[in-house]
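Colleague: Please take a close look at one part of this model, the one you would put on the screen first. Then work outward from there, so that I can see what lies around it.

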Amino acid sequence: TLKSGFAQMTKGGVIMDVTNAEQARIAEEAGACAVMALDRIPADIRTDGGIARMADPKRIKDIMAAVSVPVMAKARIGHFAEAQILQALGVDMIDESEVLSPADPEFHIDKSRFTVPFVCGARDLGEALRRIAEGATMIRTKGEAGTGDVLEAVRHARCIRRQIDDAAALDEKERRAYADELRVPYALLNDTVAQGRLPVVNFAAGGIATPADVSLMMQLGVDGVFVGSGIFKSSEPARRAAAVVEAVTHYTDASLLARVSYDLGQPMTAGRLLDFAGKKAWLNAAFGIL
Ligand code: PLP
């Protein structure tokens, strides 16, 4: 369908978080297949706290004017009014994102009511298929955004893979029970088993910071990657951006990965240390002095 067309086009690509037109141009120049327009990148949301909302429409429009690649933007989980506004702005895809503050404790956006396509995060097969049943045309791992730590993205990608294999091993009666357990439609679980993978484009996201991380996730079977804080929190954004694009294309070529990783400078530094410090601005200031 038209709605899944955009997600299909991003396959094998890198989608980069950007907060202004200049970053968007750097991302496009480096070969990003799309950009995600944000007021604050996840690492800063983690450290600065507060309520994280949809970006200011001016910021989104500035970014749309600056690049020719597709522009995505985030809405809060369940915040269908933010999504309506983003659709009216003409963004190419909406990310209903746990990186922002959740807006509804119970319901996600009914994405089938929109013409704009949606991507949603998932930690396991149940979450992924529930989001697809709600109309998402793309799924990404939730990972642990803003940390530069790939651990959770790996956990989520492996979990989805394992649960598809588990479902494939079941007979019909057992599989119906498994669909109930996952709280997903049986037909959708069956379709997933038949395809041997999620029935929509499936990216990795949340903590991916290096070309090696990109290769790891691609070798685990995802269709592409979101790189959020990893690029514009690193010491050399333009070079790192180009390196992760090379990595997604040539993820099995270890010699090339060695070359593009060579002397790449510091990856993002907001790791567990800042995660801990993030809740206290004074500790941040203290690190600045040190
Ligand atoms: N993920 C986040 C970040 C949430 O806030 C919620 C609930 O609001 C969920 C997942 C719930 O998802 P599901 O209905 O698929 O269990």
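Modeller: I would start with D263, which counts as exposed because its relative accessibility of 62% is over the 50% cut-off. Everything here is read from a predicted model. D263 sits in the loop between α13 (254-261) and α14 (272-277). Its phi is near 50°, a positive value in a residue other than glycine. That is worth a look on the screen, because most residues other than glycine have a negative phi.

R183 makes a useful companion. It too has a positive phi without being a glycine, here about 60°. R183 is found in the loop between α8 (172-182) and α9 (186-195). The relative accessible area of R183 is 59%, which is over 50%, so R183 is classed as exposed.

R183 also leads on to the ligand, since it is one of the residues that surround it. The others in that shell are I77, E98, D104, P105, H108, R123, E127, R130, R131 and K142. By class, the shell divides into eight charged residues, two nonpolar ones and one polar one. At P105, the backbone takes part: one of its polar atoms is 3.4 Å from an oxygen atom of the ligand. At R130, an N or O atom of the side chain lies 2.6 Å from an oxygen atom of the ligand. With K142, the ligand atom is a nitrogen, again 2.6 Å from an N or O atom in the side chain. The ligand taken alone exposes 400 Å², and the protein buries 75% of that area.

Next, the open space elsewhere in the protein. The second largest pocket has a volume of about 160 Å³. Its lining is made up of T141, A157, I160, R161, I164, R197, L198, N202, L220, G221 and V222. Helix α7, residues 151-168, gives the most to this lining, with four residues. Six of the lining residues are nonpolar, three are polar and two are charged. Set beside the two charged residues of this pocket, the shell around the ligand has eight.

There is enclosed space as well. The structure holds one cavity of 30 Å³ or more, and the largest cavity contains about 180 Å³ of space. Its lining comes to 23 residues, and those nearest the centre are D17, A145, A205, G206 and G228. Among the elements that each supply at least two lining residues are β4 (93-97), β8 (224-227) and α11 (229-232). By class, the lining of this cavity has nine polar, eight nonpolar and six charged residues.

A few single residues fill in the rest of the picture. I15 lies in strand β1, residues 14-18. With a relative accessibility of 0%, which is under 20%, I15 counts as buried. The C-alpha atoms of I15 and I139 are separated by 13 Å, with their positions 124 residues apart along the chain.

L86 lies in helix α5, residues 80-89. L86 has a relative accessible area of 0% and is therefore buried as well. Along the chain L86 and K74 are twelve residues apart, and their C-alpha atoms are separated by 8.4 Å.

M217 belongs to helix α10, residues 211-219. It is likewise buried, with a relative accessible area of 0%. From M217 to G78 the separation is 139 residues in sequence and 28 Å in space, C-alpha to C-alpha.

D44 falls between the two classes met so far. It is found in helix α3, residues 42-48. Its relative accessible area is 22%, so D44 is partly exposed. D44 and G146 are 102 residues apart in sequence, but their C-alpha atoms are 7.5 Å apart in space.

To return to the starting point, D263 and R183 are both loop residues. Each has a positive phi without being a glycine. What R183 adds is its place among the residues that surround the ligand.

Note on methods
Residues are numbered from 1 along each chain as its sequence is written. This is a predicted model: local features need pLDDT of at least 70, side-chain atom pairs count only at pLDDT 80 or more; totals for chains, interfaces and linings use all residues. Side-chain values use heavy atoms; hydrogens and water are left out. A residue is near a molecule or strand if one of its heavy atoms lies within 4 Å of it. A polar contact is a pair of N or O atoms within 3.5 Å; within protein, one must be able to donate a hydrogen and the other to accept it, and residues adjacent in sequence count only if both atoms are side-chain atoms. Accessible areas come from the Shrake-Rupley method with a 1.4 Å probe; for residues, only the protein chains shown count as cover. Ala, Val, Leu, Ile, Met, Phe, Trp, Tyr, Cys and Pro count as nonpolar, Asp, Glu, Lys and Arg as charged, and the others, Gly among them, as polar. On a 1 Å grid over the protein atoms alone, a cavity is a set of points where a 1.4 Å probe fits but cannot get out, and a pocket is an open set with protein on both sides within 12 Å along at least five of seven lines; lining residues have an atom within 4 Å of a point. Grid points are joined across faces, edges and corners, and a volume is the space filled by probe spheres set on the points. Buried means under 20% relative accessible area, exposed over 50%, partly exposed in between (1.4 Å probe, protein chains only).
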